[in-house]
Each structure stands twice: as structure tokens, then as C-alpha cells.
Amino acid sequence: MAMSVDRGVNGRLKRLPELDLESYHDFLTGFRAWLFRDLGGATRARADALAARETAGGGNLSFARARDLFGGDPMIAVSHRIWVSSQLMAHHSLLDGFRRHGDDVDAWFAAAEASDCGSIALDPNLVIPDYARHEIHIQPGGYVGEPLAGHVYHYGTNSFYLGLNDQDQVYLERAKVIARPEDGRLDRIVDLGCGIGQYPIALKEAFPDAEVWGIEVGAPLVRYTHARAVQLGVPIHVAQRLAERTGFDDASFDVVTAHILFHEVNDQAAHDIVREAWRILRPGGVFDITEFDMDRSFTPYEEYAAWADHFYNGEPWEGDFYNRPFLDWIRQAGFELTIADAPMTRGGLKKYIARKPMQDRLDGRTSKGHCGASRKLRLSRKRRARQSGRHDDRIVRAGLDAQAPHACGRKPAGGEGPRLGGGDRGVRAVGGG
Ligand SMILES: C[S@@+](CC[C@H](N)C(=O)[O-])C[C@H]1O[C@@H](n2cnc3c(N)ncnc32)[C@H](O)[C@@H]1O
């Protein structure tokens with residue numbers, strides 16, 4: 001164990017405990033920016049040219065062929081391999097670094113938990129669903145199985161955001177523009193799946209008079225969220241609970257938010273979380289969801305890249321996410337839905353704004369199909385068409401089904417996959433509690 005060190009803060013960010021580690025991450029951030037912008041752009045251009053050549057005589061590029069074509073191209077394979085390696089470098093260096101300073105970490109958590117700034121509630125008896133036990137983003141131990149998950153997530157995503165979110169900029173901007181109830185009342189907000197708490201903290205700063213909650217399945221992330229809120233002097237309430245079973249009273253919130261949560265849960269959970277948000281929102285309340293664009297169309301290379309992200313970068317539910325009739329579920333729950341671009345993104349993220357009508361409009365409804373509707377998943381026509389095989393050559397379906405994301409660690413059928421230079425990397429489940 002290294003000597004206790006407090007290297008102070010850089011604005012809102014607690015500095016890493018060693019100068020070497022900080023320098024290493026500074027390098028990684030710049031390296032990933034180059035990877036993402038320069039090498040990524042060149043890779044995409046090359047892949048698009050390969051796809052155009054392949055289809056010059058007419059016809060479509062099937063996913064199986066696209067996987068061979070792109071996975072077998074040395075430049076594309078190297079580009080993907082470097083991305084995965086840089087992710088591993090970020091995670092493992094952070095884990096090792098913070099482990100060397102375990103006493104400091106414990107002291108930071110303990111001091112926060114002894115403070116009276118906001119509140120924290122851990123639930124050692126919470127049964128962690130299997131779908132949440134994966135090593136998402138190949139983060140060692142995932143969100144639930146590694147006590148340092150919050151530290152690894154925070155500093156790991158700093159380089160993932162290419163250094164543009166180290167002062168929580170993205171969250172501070174997005175919090176300012178959350179959708180508000182039409183009557184303007186905004187007394188209680190809860191953020192579902194709050195991770196390391198950047199969103200609920202920013203929401204409390206944007207709406208200081210509101211009572212703000214963050215709930216999260218992973219205990220290490222709950223502790224991190226709370227400690228960080230105390231460090232910043234922002235009194236929020238954090239609890240280890242499931243987004244689909246929050247335990248809050250009916251109609252007790254004005255706004256519910258979920259920021260990039262839904263692509264990381266399975267279909268049943270996504271469906272149930274929508275129902276839960278409806279239940280805990282008061283009439284006139286808003287469910288403000290920020291997520292990847294569910295209706296985007298993919299070029300062959302983008303489909304391949306989504307598959308590679310799923311398979312090599314630990315995104316077990318990405319395929320389900322793009323194929324589920326999520327917008328139908330929102331409407332079936334009773335919400336009125338509008339879709340807008342999310343701020344601070346170049347079109348990649350959308351805001352799905354789901355409004356629960358005011359009481360007079362709810363009273364006027366005659367349909368039984370809303371809140372009390374069956375809890376069974378309803379499939380849209382689009383989804384049924386895909387399931388009947390019409391879209392079987394879409395990568396995000398064919399590629400993911402082939403390797404059964406629910407079966408952790410399995411290789412795709414036939415062992416085929418892009419050749420990234422190392423062993424195949426399926427998603428792995430972890431313990432935790
Ligand atoms: C991609 S992270 C996003 C975290 C945070 N909202 C943000 O924007 O930084 C998704 C988070 O949702 C949490 N999560 C997944 N399923 C959950 C569930 N059923 N209930 C509560 N949290 C959940 C994960 O542990 C993870 O922290």
C-alpha cells in the first residue's frame with residue numbers, strides 16, 4: 001500500500017493519486033482522441049470504399065460477408081484492436097493505481113458517509129439481476145463486482161469522452177435543459193441508473209430547490225456517487241435500488257431521468273423500467289430519457305462496428321436495444337412521446353421525452369391499454385418482421401443472435417468474428433452484491 005496522498009483537485013475533478021498515473025491518462029486521452037477522430041475517420045472511409053467495391057455490381061452486403069470483409073482487412077482489424085487495447089490500458093492502470101491507494105479510497109468513502117450532506121442507502125440484500133452482472137465496457141469486475149468500479153468508471157470515461165467531460169460539462173449542460181412538467185412544478189427528480197452520479201449532481205445544481213435522487217444497482221457506484229456529491233457540496237440522495245423496482249410511492253416525482261441506461265439492460269428490464277417510471281410520476285410529470293438514436297440506419301460498416309462494440313467492448317445488450325420496440329412500450333405505458341436531439345452531441349444521442357398527461361386528460365381517457373396493461377412484452381410489427389427472418393442479414397440482429405449475448409463468454413457460432421489480433425473476447429459475467 002502506498003503512502004497516503006491527497007493531490008488536490010483540478011476544478012471539479014479529484015486528481016489521480018500519482019503523477020505517473022495522471023500523465024499516463026493524459027497520454028491515453030490524447031491517444032484516444034487521435035484514434036477516434038483520425039484513425040477512426042480513415043478506417044470508416046476505407047470500410048465504406050470496400051463495401052462500395054463489394055456491391056458495385058448490385059445487391060446488398062450481408063452481415064456475414066461484411067464481417068469477413070471488414071474483419072479480414074488489416075487496417076480495420078488493427079484500428080478496432082487498438083481501441084479495445086486502449087480501453088484495457090485505461091481500466092487496468094486505474095484499478096492498479098487506486099488499489100495502491102486503497103486506504104485513501106476507504107477514508108474518502110468513510111468521511112462522506114459520516115457527513116450530513118444528502119444521504120446514502122446501500123442494500124446488501126438487493127438481488128442483482130443477471131443482466132447487470134456483465135463486465136460492461138470490459139471494465140474489470142463490471143459495475144457491481146469491483147469495489148473500485150466508481151473510480152475506474154469515472155477516470156476511464158474521462159478519456160473515453162476525449163477529455164471533454166472532465167469538469168462534468170456534458171452533464172451540467174444536459175441538466176439545464178431537461179424537459180419540465182407543463183405546469184412548471186419541479187419539486188422532486190429521480191435519475192435511474194445514475195452510475196457515478198454526474199447527472200443527479202448536475203440536476204441538483206441546476207435545480208437547487210428540488211429534492212434530487214439517484215438510484216443505481218451497483219453498490220460501488222452508489223458509494224462513489226455519494227462521496228463525489230459530498231466532495232462537491234451538493235446534497236443529493238443516493239440509493240442502491242433497481243430502476244424497475246424503485247420502492248418510491250406512486251405519483252411521487254415530477255421528473256424521472258435516465259441517461260444512457262436503456263442500452264445496458266435487457267428487454268424485460270427496459271419494459272419494466274418504463275412502467276415503473278409511469279407509476280412513480282405524478283400526472284403531468286415527465287420521463288426524460290437520453291439515449292442512443294434507436295431509429296438510426298446503419299451503413300454496413302456501422303453495423304459491423306456495432307457488432308464489434310458488442311462483442312469486444314462488452315456491450316451485451318446493444319443488439320436487443322436496437323431491435324426492441326421501445327418507443328411502442330413508452331406509448332403503451334400511456335406516455336405522450338416527443339423526440340429531440342440531445343445537447344452536447346453530434347447527433348448520436350437523442351432525448352426521448354415521455355410526458356404523463358395531466359389528470360384531466362388522464363380522466364378523459366377511455367382506453368384500458370395504459371398503466372394497467374399486461375406486463376408482458378408487446379412486440380411491434382417491425383420486431384415481428386425481424387423475428388420472422390425478413391431482416392436476418394442485419395448485423396445488429398443476426399450478429400448478436402448468433403452468439404447469444406445472454407450466454408456470457410460464448411464465442412459466436414462457428415468461432416467466426418473479426419480478427420482483432422488477440423483472442424476472441426466475449427462478455428463475461430461477474431459476481432457482486
Ligand atoms: C452506461 S451507465 C450510465 C450511468 C449514468 N446514467 C451516466 O450517464 O453516467 C448505466 C448505469 O445503469 C446502471 N444500471 C443498469 N441496470 C440498472 C437497474 N436495473 N437499476 C439501476 N441501475 C441500473 C448500471 O450499473 C450503470 O451504472
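**View 1. Helix α8 and the glycine that follows.** Just after α8 comes Gly233, with a positive phi near 70°. In this predicted model, the helix itself runs over residues 219-232, 14 residues in all. From first C-alpha to last, α8 reaches 20 Å, close to the 20 Å expected at 1.5 Å a residue.

**View 2. What lies around α8.** Let us stay with this helix and look at its surroundings. How many of the 14 residues of α8 are buried? Twelve are, so that the helix counts as mostly covered. The buried residues run through Ala219, Pro220, Leu221, Val222, Arg223, Tyr224 and Thr225, and on through His226, Ala227, Arg228, Ala229 and Val230. Among the elements that cover them are the helices α4 (102-114), α5 (149-160) and α7 (198-206). Strands take part too, including β3 (119-121), β5 (211-216) and β6 (237-240).

**View 3. The shell around the ligand.** Here we turn to the ligand, which 21 residues surround. Which of them are the closest? They are Tyr143, Gly193, Gly195, Ala243 and His259. Two elements that also help to cover α8, namely α7 and β5, each supply at least two residues of this shell. By type, the shell around the ligand divides into 13 nonpolar residues, five polar ones and three charged ones.

**View 4. Helix α10, another mostly covered helix.** Helix α10 takes in residues 300-312, which makes 13 residues. Its reach from first C-alpha to last is 18 Å, close to the 18 Å expected at 1.5 Å a residue. Eleven of the 13 residues of α10 are buried. Aromatic names are easy to pick out in that list, which includes Tyr301, Tyr304, Trp307, Phe311 and Tyr312. Also buried in α10 are Pro300, Glu303, Ala305, Ala306, Ala308 and His310. After α10 you will find Gly314, whose phi is positive, near 65°.

**View 5. Confidence along the chain.** The average pLDDT of the chain is 86, and 83% of the residues score at least 70. Among the elements, strand β4 (residues 188-192) has the highest mean pLDDT, 99, and helix α15 (residues 395-402) the lowest, 29. Two stretches deserve a careful eye. Over residues 367-375 the pLDDT is below 50, and this stretch has eight contacts in the model beyond near neighbours in sequence. Residues 379-427 also have a pLDDT below 50, with 95 contacts in the model beyond near neighbours in sequence. Where pLDDT is low, predicted coordinates should not be read in detail.

Notes: Residues numbered from 1 in each chain as written. Predicted model: local features only at pLDDT ≥ 70, side-chain atom pairs only at ≥ 80, totals over all residues. Helix = DSSP H or I, 4+ residues; strand = E, 2+ residues; numbered from the N terminus. Expected span 1.5 Å × (residues − 1). Buried ≥ 20, exposed ≤ 12 C-beta atoms within 10 Å, placed from the backbone. Contact = placed C-beta atoms within 7 Å. Near = placed C-beta within 6 Å. Nonpolar A, V, L, I, M, F, W, Y, C, P; charged D, E, K, R; others polar. pLDDT = per-residue confidence, 0-100.
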